[in-house]
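I opened my notebook to get to know a new structure. Come along and look things up with me, one entry at a time.

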Amino acid sequence: MIKTERILHLKSCRGRKVRVVREHYLRERVPCYSSLCQAGCENDGKVLPGDLTHYVIPDAGVSGDYLEILEFRELQGIIFTQTSCQGVQHSKGRRQYKRLRNLLKDPRHDCVPFANEFQEYSYCPREKGESQEKWQTRCVYSAAVWYYNHLAGMMDVVMITEDQEAVAQYSSLNSGVYVISVQDYLRNFCPELQVAHDLYSSISQALQEKESEGTEREYTEHLPGELLEAGIKSGRYIQGTLNVSKHRAHSEASIMTDGLSNKNTDLSWGVLVCGGKNRNRAVHGDQVVVELLPKSEWRGKDNTLAEGQGEEKSGEESGSKPMPTGRVMGILQRNWRDYVVTFPPREGPPPQTRNTQRILAVPWDHRIPKIRISTQQADALQDHRVVVRIDSWESTSLYPNGHSVRVLGKAGELETEIQTILIENCIHVPPFSDAQLKEMPVNSAEKPWRMDPAQVAERRDLRESHLVFSIDPKGCEDVDDTLSVRSLAGGKLLELGVHIADVTHFVTEGSLTDLEARSRATTYYLADRRYDMLPSVLSADLCSLLGGVDRYAMSVMWELDAETLVVNKVWFGRSLIRSSYQLHYELAQALLDGEQAEVPELAGLGSEEKDSKLAQLTQALEMLTHVARHLRAQRDRGGALELEGVEVRAQLDKDKNITALVPRQPLEVHETVAECMIHANHWVARKIQETFPHQALLRRHPPPRQEFFSQLVESATAGGFTIDTSTNKALADSLDQAVDPQDPMVNRLLRIMATTAMSQAVYFSTGLQSLDQFYHYGLALDRYTHFTSPIRRYADIVVHRLLTAAITMDRGVDPGKALASNKELEETAHHINNKNRAAQQAQKISTELFQCLYFKERDPQSDQSCVADAVIYSIRDNGILVFISEYGVKGPVYLRNREGQVVAVGPEGSCEWQSGSVRRYSDHISTTSSCGTSTFRLFDHISVRISVRSTNCHADTLTLEVTSNRPLLSAGPQQPRSQGRSQLVQEVKRLAEEAAQEKAARKPKVSKEEREFSQSKTPNLYSLLEEIRELALLDLEGGAQVCETTA
Amino acid sequence: MGNVVQRQTRGALRFQLFRKMAGLELLSDQGYRLDGRKATELRKFQARMGVFAQADGSAYLEQGNTKALAVVYGPHEVRGSRSRIRHDQAVINCQYSMATFSTAERKRRPHGDRKSTEMSLHLKQTFEAAVMTQLYPRSQIDIYVKILQSDGGNYSVCVNAATLAVIDAGIPMRDYVCACTVGFVDETPLADLCYAEEGGGVSSLALALLPRGGQIALLQMDARLHQDHLEALIEAAMTACKGVSKVLDQVVRQHLQEASVPSAE
């Protein structure tokens, strides 16, 4: 019954000077997780391969300090002993330990844990007077010896340690068990892994640095954890996440309090932390504990336009009044990630010696303080972007210490900048590994993929009975949704079907592909390229519902009453389809409009057959449109919002080949497709929520906070409109009415502002929210989820699995595998939400990058395209915020510069700088100078000149300068507007390509993956529409091209 | 319904958060507990019966580092107030106490504090269910239990020790009463909690079982737990109790053997 022997184990826990006696059970059989095992250990899960030259066992110190090196997948056969894991936990904290645990769980990484302290023969009790480190090293060594013996000497074991004494003491004790230092190990066993060598030297330098730290104190010490916790409980301190202001990063930061302290209404806006001393070494994103300062020292936020301020923050209006101000007492949890920094160019001549130097590198993100890095390559790295990690920030040092991890390249180059964007948003998209690709089914010319007869028998076959077609942007490769519609029962009933690619059939839960897709969570679209979530054999071929081939699908079919369009019946299930037509939007619209259009699938047929098929297709499209209109109207009654910001994305993401064909504004058929997808998502959400009330993955869109509407309401009032923001219905209605017949821009801007006020839609697990929280504000649906794009969103894959389980349960069969529990699902949802946010952010920054590249090529003084028409949409203390429709750019225009001069408008409307003053009113701002007074009103059109302000260390930004207070009328506003954005992208792409070619000519070759992933493919337009509609992007840049034809 | 579940889950989450803050990992990814046991393994048992000659029955039990001494007097006539006499059955009187040196910090423990009164009551209820009291009308059975060293699972160790003492006293019982504490961590029930685990913010449950019939003599739990998990937890507790009963049975048989050999000669 009880197999274990007990050995009493004394531990004096020094905390409160109590001696704690704990039991410690040892056992003979502890799994070794090696495939060479002769003793029949119960090795389930990851197993070390037997074909390595040796196994590596790092000791506790190495596991803690050099974990980053051990994370390289090139290092194989790593055994982490329990002793070193616990060492990491105690000395490095929870975060590092979690990282180690994730590493151990990650099936892509070749490492295993070994519970050496519970193994009878590898355990060694701590001796009296033995230091902790010595004991740990001894334990790890004895584990190494055990492994060697356990595997009967078939595998050499290398223990790596930084303790030179241990190397001397143990290295000759046993043959087959080697003890060497990390450096020797890297030199001997992986000499070709240069990255690891560099990383090693940079970490070890950082460690040495730490030892030779000065003693002068720059900051007050942090309080110990117990005091902080006691303080939080007693209400003396406040806990929250530090959020550094983007524009005044040196002086201003605020604490976003967690829900717990909501009782105190004073603090609902957060706590301000002013200045570096008060911030006390906290970095953006850290979990900190603050103490409030006395009321007399409270301050307000700065409300003027600061240098580089690109967007407004809602709610800042209330900022000028004093708000709670505090100082950081301690840090609960660091949230350090990888940062991209730029090594500044050196002033003065380079020093003679090639010794280690300390360099203050400037992070790309303004909110991160400069990081001190000691390196020997300071000269080589000038003006390069480098990935660094922060190691520590002692109270004696003004800046944090870090070490470099990887060099990205020279600042300003396109590849470097794109990599920077990815890393700054924590996006990791390595090429798919061989092991992952091996899991994939094969579909090649020699070995075409065929359907499994078992699957054919199991699925509902729609190949003959239904006319299935897809509508996507032209040139789309990953078709994940198709539609079908037909009338039944002699026209009394309608059957509408949405058929989605059955990705989960190919991606089994827990497989390597699944794990990779989960960690990516979404396909990343940047302005010029994309990073797929699934390998291309799936995303562009086997899962993609291409025309004319048999594919697996997941279908939702509704039976509607033909007259009233009420849903009578709904069917969910797996099916087989063969898409008959792979249409694109323009073609579909042309068919609907009755225009002459050439359908490629019908090209080879005789005219009679062609006509009848065409008629059939057109009829289906008409039916679809009819249903979609009805659905849309239904949602409109519920209060669905129509928000702005659609076209710019579509324009931006398109491939240059098809530029001319992309419409300037959405066609009705876009809406039709989107509506069907929303309908499908909604019904699937209902289904899985009903079957799994506590563990379904849904998507909710919480109503926005009313405070965020203040800007919208203010601007609208100034423009003479009233906006009712009480409900989504009221908002939608009042937005519809707020139209200025003279200027369609006004309505557009108001819609953009409404979009800004929206909160983000998020995925969640139903077990963690109450039913009334499920509501989707933007779409006005009580339950919603994502189901229709499993090729590019992981959430859809999860939903597909849930739906499959629900269908199985309906048949009365137990789904077999246990579903993800509420907690796991919530973790997944959280992860996907984070990744989605990162993806959006990356897309936005990459767009900005391309805008800057475009204008960089032009001389702002002479080039006409640098002067553009802009609309004022907000008034600030010293300037205005404008929106340039031609380029989709938003930005500040200063009316007072640093020297105190103001913009004076001359008689011809031209502007120049003169000394004077600025006054701000609610709906206009006026400057007074010797030439008289000039006024800028809200929603006025003005002309601005766009130029690029280059910075070495950060992203380039656009600056706007007013040239005239009259609208720009030259060069015909219609023509460039339709083309402006696309031209811009095209132009920049051409330039980038030229540069790349030049580089390729100089250098041997761009790596294969790089070429593979830098090609741009058109994403599904529906997805883009949907994205903006439902995510309700807080993204201002989402504001877009002017829609001239609305008027 | 949704609301209730949600609150419970949040409660559980907060517990977990607390535990994570304390830095204790009660169940490692490889399935080991703090002291090296697996989730369902019990601690090491060591027991002796008949440790005192004066008392009618006595036993000493070590379950891991928790050590308890149980002494039984009776059945004898009812002492003290006559009003307690039951005409159809014996009265069971239990007294639980902890030695001053039983924990890491020495602490005076006066009799009759809330905790020990409650524990005495629980013991009494447990044994009223197990001892065949109807055989001794108008009499009294005293059970005294003292914890000599405390390392988690005090209640269950007391019950187990008292069972042995009652058997030693020769008082007929329906079955062994076996008790065990179980906790719930990371969706896994842990059997026979030690002190570090009990203090780690685990929802723990104590169960006393009459194993042969599977009847529950006492079930006590004062932590939050999602109702979905309760069944699994009770199931685990019953399995653990059955394990305990095997050990106790062995102890009793061995004791009988030792006791009978000299008398036979």
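**Entry 1: disulfides**

I am working with a predicted model. I began with the cysteines and found zero disulfides over all chains. I wanted to see why, so I picked A:Cys124 and looked for the closest cysteine sulfur, which is in A:Cys139 at 3.8 Å, too far for a bond. The cut-off I needed here is 2.5 Å between the two sulfur atoms. A:Cys124 is buried, with 9% relative accessibility.

Next I tried A:Cys190, which is in no disulfide either. The nearest cysteine sulfur to A:Cys190 belongs to A:Cys111 and is 15 Å away. A:Cys190 counts as buried too, at a relative accessible area of 5%.

**Entry 2: salt bridges**

A reminder to myself: side chains of opposite charge can pair when their charged atoms come close. How many salt bridges are there over all chains? I noted a count of 43.

I looked up a pair in chain A, A:Asp163 and A:Lys134, whose side chains meet in a salt bridge at 3.3 Å from N to O. A:Asp163 sits in the loop between strand E6 (156-160) and helix H6 (164-170), while A:Lys134 belongs to helix H5 (residues 132-150), so the salt bridge ties together parts of chain A that are 29 residues apart in sequence. I also checked the cover on A:Lys134: this residue is partly exposed, at 30% relative accessibility.

Another pair in chain A is A:Arg463 with A:Asp461, joined by a salt bridge of 2.9 Å, N to O. Are these two buried or partly exposed? A:Arg463 is buried, at a relative accessible area of 19%, whereas A:Asp461 is partly exposed, at 37%. The line between the two classes is 20%, so A:Arg463 falls under it.

I also found a network of salt bridges in chain A, which links A:Arg337, A:Asp365, A:Arg367 and A:Glu424.

**Entry 3: a pair in chain B**

Then I turned to chain B, where the side chains of B:Arg37 and B:Glu197 form a salt bridge at 3.8 Å, N to O. Where do the two partners lie? I placed B:Arg37 in the loop between helix H1 (2-22) and strand E1 (45-49), and B:Glu197 in helix H4 (residues 195-198). The pair links distant parts of the chain, 160 residues apart. B:Arg37 is buried, at 0% relative accessibility, and B:Glu197 is buried as well, with a relative accessible area of 0%.

**Entry 4: chain B as a whole**

I stepped back to read the secondary structure of chain B, which comes to five helices and nine strands. Starting at the N terminus, I wrote down the order α-β-β-β-β-α-β-α-β-β-α-β-β-α. Chain B has 265 residues, and 51% of them count as buried. Among its contacts with a separation of 6 or more, 70% come from residues 24 or more positions apart. Chain B exposes about 12800 Å², and carbon and sulfur atoms supply 50% of that area.

**Entry 5: domains of chain A**

Last, I looked up the domain assignment of chain A, which gives domain 1 (27-191), domain 2 (225-303 + 322-333), domain 3 (668-854) and domain 4 (859-964). How far apart are the C-alpha centres of domain 2 and domain 3 of chain A? I noted 31 Å.

Technical notes:
Residues are numbered from 1 along each chain as its sequence is written. Chains are lettered from A and ligands numbered from 1 in the order in which they are written. This is a predicted model: local features need pLDDT of at least 70, side-chain atom pairs count only at pLDDT 80 or more; totals for chains, interfaces and linings use all residues. Side-chain values use heavy atoms; hydrogens and water are left out. Domain bounds come from an automatic or database domain assignment. Helices (H or I, at least four residues) and strands (E, at least two) are DSSP runs, numbered from the N terminus. Buried means under 20% relative accessible area, exposed over 50%, partly exposed in between (1.4 Å probe, protein chains only). Contact means heavy atoms within 4.5 Å. Accessible areas come from the Shrake-Rupley method with a 1.4 Å probe; for residues, only the protein chains shown count as cover. A salt bridge is a side-chain nitrogen of Lys or Arg within 4 Å of a carboxyl oxygen of Asp or Glu.
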